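I opened this entry to keep track of what I looked up, residue by residue. The whole chain comes at the end.

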Amino acid sequence: MPAKTHPQLNHELIQDEDPNAMINYNDAIDYWSSVPASVDGVLGGFGEHTPVPKADIIGSATFLRKLQTRMECPAGSEKLTIDMGAGIGRITRDFLWKVSDRCDLLEPVKPFVEQMKKELVGVAQKGKLGDIYDIGMQEWEASSEKRGKYWLVWCQWCVGQLPDEELVKFWIRCKEALMENGTIIVKENIAPVDDIFDATDSSVTRSDAKFRHLFQLAGLKLIASDVQRGLPRELYPVRMYCLKAM
């Protein structure tokens with residue numbers, strides 16, 4: 001799920017029906033399998049020729065820097081991160097490996113996974129590439145070896161592919177995967193008022209109020225939130241949320 005444009009500029013957006021009931025995993029996989037396995041493809045046309053990728057990474061780095069004192073890792077523990085809905089691994093490649101000891105990635109779209117392996121050669125050479133899970137978020141659960149071991153779970157431009165109920169279940173599993181004082185970051189486009197279904201990639205853009213409600217249902221405490229700066233005006237606002245287990 002890429003950065004989202006306003007409805008008059010791109011994509012077939014629907015508000016009248018229940019957006020959650022319209023999400024179809026197979027339609028989403030079919031769509032994403034049809035786009036180029038590139039930064040431009042995974043960001044819906046907002047690739048390296050636009051300010052989006054660079055502004056995105058700067059915004060994420062700035063947000064985490066403000067949270068350093070809230071994200072201290074227990075002495076002797078590994079800073080294990082998982083990049084959910086990772087696409088071709090752009091965020092891990094450009095950012096997450098720098099703040100982590102090791103990065104796992106999850107991505108169900110096979111062409112993206114194949115390209116990811118190429119994009120992350122440098123990360124692997126640094127000894128920071130962990131496991132790659134080629135499954136959907138609705139299927140993922142931390143293994144017994146990694147349950148309670150993740151320092152950071154990063155969810156960006158991906159949770160719109162899950163209906164509310166499945167998303168809450170997913171976040172509960174993420175919460176159970178965290179080490180003590182572990183953190184979940186959610187970074188997503190924000191709808192103005194009501195949730196909006198995008199028929200192009202079978203995803204939902206949620207409102208800030210909806211996100212905050214779902215966090216509570218998942219037993220997550222909102223620690224901090226900020227708006228991503230420097231994105232084109234035609235995009236919906238992008239908001240970052242820092243979450244901890246209650």
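**Trp-140**

I started in the loop between strand 4 (129-133) and strand 5 (150-156), where Trp-140 lies. The model is a predicted one. Is Trp-140 buried or exposed? Its relative accessible area is 2%, so I filed Trp-140 as buried; the cut-off for that is under 20%.

I then listed its contacts, leaving out residues up to four places away in sequence. Trp-140 touches Ile-82, Met-84, Leu-106, Tyr-133, Ile-135 and Tyr-150. Phe-170, Arg-173, Cys-174 and Ala-177 complete the list. I took one pair further. Met-84 is 56 residues from Trp-140 in sequence, yet their C-alpha atoms are 9.7 Å apart in space.

**Trp-157**

Next I went to the loop between strand 5 and helix 8 (164-177), which holds Trp-157. I checked the backbone there. Trp-157 is not a glycine, but its phi is positive, at about 50 degrees. The relative accessible area of Trp-157 is 5%, so this residue is buried.

**Asn-181**

I looked up another positive phi. Asn-181, also a residue other than glycine, has phi near 70 degrees. This residue is found in strand 6 (residues 178-189). How accessible is Asn-181? I noted 35% relative accessibility, which counts as partly exposed.

**Helix 5 and Thr-92**

I moved to helix 5 (residues 90-99), where Thr-92 is found. Which residues of helix 5 are buried? I wrote down Arg-90, Ile-91, Thr-92, Phe-95, Leu-96 and Trp-97. I kept the helix geometry in mind: an α-helix has 3.6 residues a turn, so residues three or four places apart point the same way.

What do the buried residues of helix 5 pack against? Among the helices I noted helix 3, helix 4 (52-66) and helix 7 (121-125). Among the strands I noted strand 2 (80-84), strand 3 and strand 5.

Thr-92 got a closer look. The relative accessible area of Thr-92 is 0%, so Thr-92 is buried. Its side chain makes a polar contact with the side chain of Asp-83, at 2.8 Å. With residues up to four places away set aside, Thr-92 touches Asp-83, Trp-97, Cys-103, Leu-105, Leu-120 and Val-123.

**Helix 6**

I repeated the exercise for helix 6 (residues 110-119). Phe-112, Val-113, Gln-115 and Met-116 are buried there. Where do these buried residues pack? I found helix 2 (25-34), helix 3 (39-42), strand 3 (102-106) and strand 4.

**Gly-45**

I then looked in the loop between helix 3 and helix 4, where Gly-45 is found. Its relative accessibility is 31%, so I entered Gly-45 as partly exposed. Outside its neighbours within four places in sequence, Gly-45 is in contact with Asp-40 and Thr-50. I also took a distance to Arg-206. Gly-45 and Arg-206 are 161 residues apart in sequence, and 21 Å separates their C-alpha atoms.

**Asp-164**

Arg-206 came up again at Asp-164, which is found in helix 8. What does Asp-164 touch, not counting residues up to four places away in sequence? I listed Asn-20, Arg-206, Lys-210 and Leu-214. At 16% relative accessibility, Asp-164 counts as buried.

**Whole chain**

Last, I pulled the totals. I counted nine helices and ten strands in the chain. The radius of gyration is 17 Å, close to the 18 Å that the globule rule gives for 246 residues, so the chain is as compact as a globular protein of that length. Along the principal axes, the C-alpha atoms fill a box of roughly 50 × 40 × 35 Å.

How much of the chain is buried? I noted 53% of the 246 residues. The accessible surface comes to about 10,800 Å². Carbon and sulfur atoms account for 49% of that surface.

I also checked how far apart in sequence the contacts reach. Of the contacts between residues at least 6 apart, 74% join residues at least 24 apart.

Charges came last. The chain has 30 positive and 36 negative charges, and their mean positions are 9 Å apart.

Notes
Residues numbered from 1 in each chain as written. Predicted model: local features only at pLDDT ≥ 70, side-chain atom pairs only at ≥ 80, totals over all residues. Heavy atoms only, no water. Helix = DSSP H or I, 4+ residues; strand = E, 2+ residues; numbered from the N terminus. Rg over C-alpha atoms; globule rule 2.2 N^0.38 Å. Buried < 20%, exposed > 50% of the residue type's maximum accessible area, 1.4 Å probe, protein only. Contact = heavy atoms within 4.5 Å. Areas by Shrake-Rupley, 256 points an atom, 1.4 Å probe, with all protein chains shown as cover. Lys, Arg positive; Asp, Glu negative; His and termini not counted. Charge placed at Lys NZ, Arg CZ, Asp CG, Glu CD. Polar contact = N/O pair within 3.5 Å; in protein donor to acceptor, adjacent residues only side chain to side chain.
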